[in-house]
Amino acid sequence: MAFDRKRITAQRTGDADASEGGFANSGVMNVEQLVLVIQAANEPTAVTPEQAAEALRAYARRVREAYGRLDIEVLTPLSDQGEHDVVELKEVFVAPGVRADPPPVALPKELERRLAERGELPLDGTLPPGVDAEQLERARDATQRPVEPVLDVLGDEQRPRLVLLGDPGAGKSTLARYLALTLTGAIHDGVPEALRGRLPLVVELRRYAQAEWREATFERFLEHLHETEGLSVPGRVLAPLLAEGRALVIFDGLDELFDPQVRNRVAHRVAAFACKYPGVRVVVTSRQIGYQRGVLAGAEFGHYMLQDLTEKQIGEFAQRWYANACPGNAELAEILVRRITDAVTTSRSVRELAGNPLLLTILAIIGRRQTLPRDRQGVYEHAVTVLVAHWDRDAKHLRAAGGPDVREVLDHLDAADRLELLRLLARRMQNGEDGIAGNHIHAKELEDVLRDYFRQYDLPPLRVQAAARAMVQQLRERNFILSHYGGGVYGFVHRTFLEYLAASDIVHRFKDEREWTPEELVHDVFGHRATDPAWHEVLLLIIGQLSPRDAALAIDHLVDLHRSRSDQVMLVLAIRALAEVRKIGALTRESENIIDALTHHLTHRREPSAWVSSEVAPALATFSNHWVGRRRLLRWFHLHGHFVSRLPHLAMAELATILYHKRGTLTALVVHAPTTSARGLALRLLAERWGKGIAQVFEEGGEGDLGPGVREAALRWLTEHLREGLSLSPEEAAMLDMWTDTSGGEERVLLEERAVGDPEPGPRAAALGLLALRWGGEVRVLLEERAVGDPEPGPRAAALEGLAAWLYEVGELLEERAVGDPDPGPRAAALGLLARRRGGEVRVLLEERAVGDPDPGPRAAALEGLAARWPDGVRELLERRAVVDPDPEPRAKALEWLLRRWPEETRRLLRERAVNDPDAELRLNALRSWVVASDDAEGAELLKQRMREDPSGTVRAGAAWTVAFWWYRDEPMLDVLRGMARDDVEEGVREQVTAALAAARAMREQADHEP
């Protein structure tokens, strides 16, 4: 038979044939075509077509047997061994992305991610020692190159020779095995065209580099793999495929050759192999650490770095993993997927690890039995243990580097020993000059820690020194624990590991070494570290390992810090700390105190509360429906929260997401909630939670419709929302004009021009605020001038706020403006800024202005400044001003701070104000606050009294609405409302109460939240 080689090369497809062991002739590798290539190159008697086809099919079967299943035993905790079903690689594999030409710079993962996501360099002084600006600039340039799908790069005809670099666990070997499986399979999906019809071969270089093969050719080694394991094809079959370029050869694990000379020699042989077979596609994998690119770059190999998985890819992996792990139970699989994806979204430390496929797999394994992120400590411990004690030895079957004496020492260390050593290293780093935030240690200090540890084993000094250096090398080059920044400076690759180990060390010292009493732990660790954001994750991890009693002491301390300093960061930290406690039922008092502090803050504070959605809501969502704090939060939300018009919509939405898991209550709120924002909130959640766009809610008809009342309410809300949204403030309009076609210096010139010359005060104020924010000290003179010279109070106040960075330098100006400005806005701004200085002369001025200023705004600002900075000495003043000040704003401010500092002691005054304050709005807010703080019986009694007796229709109607959303099943209370709807002297009140009764009826019929 004559063979036409051009015809062979061009032929790519054929009729599918899944016979012969399920291997399709027209599958990815295309046995028929390869047999034609083999026959064209061999003597007729060398190998028959049947023998060649059978050899290829036998190889494909061995590839499926050897590579088809993931070996997850080494990744699975001993307690979970045997709990997991078989995991097929092709079922869970998610292809990562790659970036070209990675720089040889080792950086902490958090810095890499910042460069990749923002493209910005850290501020001066924040770089680890040893990392210079030039290195960082190269790293930034690399992270700004596009990320390409790895399979696209592998399939590019213009890139036939590649080196794929990656961190340990980045998926280099898994990718090699996936390619072998895919290219010997029968399905084309996802396989680049250029790789089809090729024989895939995987050469594990750690095995090739063994003494008996170091001088052999790769062809001979592949023949050996065929003869002993079936993981290649016979030489007579392989040779023509290599010669004709019909193979993909992956040389896996160049980094696993520890001897640099051997590694260099093997790199030369790979280059020679690629030159000998120019049509063969050749891929080399290696870790980046220790890799020298000269040899392979000279042989025209392109270099690419495997990237961490994106959040989308992490979600895809979780879906694939749990679909495989939970066959036939889609509901459980979806719950477990959300457990992973929510943890990645809400926990910076979990996200940092989840981008690495190895660590993500550990998360998925442990996440099946434990709650994330609360139980993340077990994940971290297991991940560190796998990396330092099991991965190289049990998964890669590699021995430690170094001579026999050094290996004997290192091999003697078990997993517990290595964790202890790393805890000591974390201790040294947390006590260093830059502490936890710095994440760096000099080589001498690092070796000192290791030497001190090895001396416990009574080793000779020379062996101690050698073992310490070998351990540094192993932690950096093999274990993926340390990075070398340069200049003899090291740091943890993942800050998460440093935080976990630092927390573990503190807990060990507290529980095992008895270094602190519980009270001392709270004072020395939480008291000193809580204000440092770099320590927050460490403190949370500590909480999770304490007994409920000790955890309660720490949480109480954080709440006290919040109340004494008016520091919302401490409140957030306390809520997150509470979420770390497993036996939450033992912390009932702490739960109630935290919810009271949170609801008070949300009720009274005017600043944006983005932290509610980003940090508080995820923590609260981890509690069960039976948690005591949930009912407390729900009660506040119904009695007071959704009446607070200034509460940010996003904060409301996040809280409601936690409270309502079914549609009934939301459906009632869409129609009957008393405010536009509350109806819009319920509508948004209803639409999003059950997969309906807002338009669909009222456009759909038929059996599945949510009802005509909801459609009508949705339309009404959309109309109100659009009407409100179409109205631009002067500031917004000015900003739209201002940012058109301007950049850099032009922005500043234009802003300065607007700050002085705009005819309207709103744009002038906005321009001053932006100038202060972006150019700081460069515009200080302008701010000082406008703080006095602008003819309108708004810009003067904005200029004063912009001077906040120079409180002490501009103290005289602030004092003069606090008294001498003719308008209350600037005076209030100046008083608020002066309060931050804490000086005794400032306190005297604030006390005088709290009583003597002619306008309510400055008096309220002075009271707030006094309460925030000198709480212990102003309680009497606050109690007096809450009653005698002639204006409601200062009275409300005094009452707010009394409730924040002394909630129990203020209840009597709060009730008195709910009855006797001359301002109706203040009475209504005081009434609702008192009802929230009381039990249902007390609250109901006062509400009934005020509905009957209050002289203001605002209070009577407001109290009726409060009843409607909590006492909707209480007939005696509803009878009071029915009487009001019939008999109240004001028509407007009768209309409002009638609407409240309709809301109560809807809540009674539809509400399905768990109280």
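## A walk from helix α2 to helix α26

Start by selecting helix α2, where Val31, Gln33, Leu34, Val35, Leu36, Val37, Ile38 and Gln39 are buried. Colour the whole helix, residues 31–41, and you will see a mostly covered element, with eight of its eleven residues buried. Keep in mind throughout that this is a predicted model.

**Stop 1: the sheet**

Next, show the strands. Seven of them make an open sheet with mixed pairing, and the order to follow is β2-β1-β7-β3-β6-β5-β4. At the edges sit β2 and β4 (199–204), each of which pairs on one side only.

**Stop 2: strand β1 and its partners**

Zoom in on β1, residues 97–100, and turn on the side chains. Gly97 and Arg99 point one way, Val98 and Ala100 point the other way, and all are buried.

Now add the neighbours of β1. Strand β2 (residues 148–149) pairs with β1 in the antiparallel sense, over two bridges. To find this pairing, pick Val98 and look for Glu148, its bridge partner in β2. Then bring in strand β7 (residues 302–306), which runs antiparallel to β1 and is joined to it by three bridges. Here the pair to select is Ala100 and Tyr304, the residue standing opposite in β7.

**Stop 3: just past β1**

Step along to Asp101, in the loop between β1 and α5 (109–118). What is the phi of Asp101, which is not a glycine? It is positive, at about 50°. That deserves a pause because most residues other than glycine have a negative phi. Switch on a surface here as well: Asp101 counts as partly exposed because its relative accessibility is 42%, and the range for that class lies between the 20% and 50% cut-offs.

**Stop 4: β3, β6 and the helix across them**

Return to the sheet and select strand β3 (residues 161–165) with strand β6 (residues 281–286). These two run parallel, and five bridges join them. Leu165 is a good residue to label, with Ser286 of β6 standing opposite.

Now show helix α12 (residues 260–276), which lies across β3, β5 (247–252) and β6. Relative to β6, α12 runs at about 165°.

While α12 is on screen, pick Cys275. Is Cys275 buried or exposed? With a relative accessible area of 57%, Cys275 is exposed. Compare Cys326, which is buried, with a relative accessible area of 6%. If you are looking for disulfides, the count comes to zero.

**Stop 5: a second positive phi**

Jump ahead to Arg514, in the loop between α24 (495–511) and α25 (518–529). Its phi is near 55°, again a positive value in a residue other than glycine. Arg514 counts as exposed because its relative accessibility is 67%.

**Stop 6: Leu541 in α26**

Finish at Leu541, which belongs to helix α26 (residues 536–543). Its relative accessibility of 1% is why Leu541 counts as buried.

Which residues does Leu541 touch, not counting residues up to four places away in sequence? Select Arg376, Gln377, Tyr380, Glu499, Tyr500 and Ala503 to display those contacts. For a last distance, draw a line between the C-alpha atoms of Leu541 and Leu501: the two are 40 residues apart in sequence and 9.6 Å apart in space.

Definitions and conventions: Residues numbered from 1 in each chain as written. Predicted model: local features only at pLDDT ≥ 70, side-chain atom pairs only at ≥ 80, totals over all residues. Heavy atoms only, no water. Buried < 20%, exposed > 50% of the residue type's maximum accessible area, 1.4 Å probe, protein only. Helix = DSSP H or I, 4+ residues; strand = E, 2+ residues; numbered from the N terminus. Pairing = 2+ DSSP bridges. Contact = heavy atoms within 4.5 Å. Axes fitted to C-alpha atoms, helices over the stretch in contact; angles between N-to-C directions. Disulfide = S-S within 2.5 Å.
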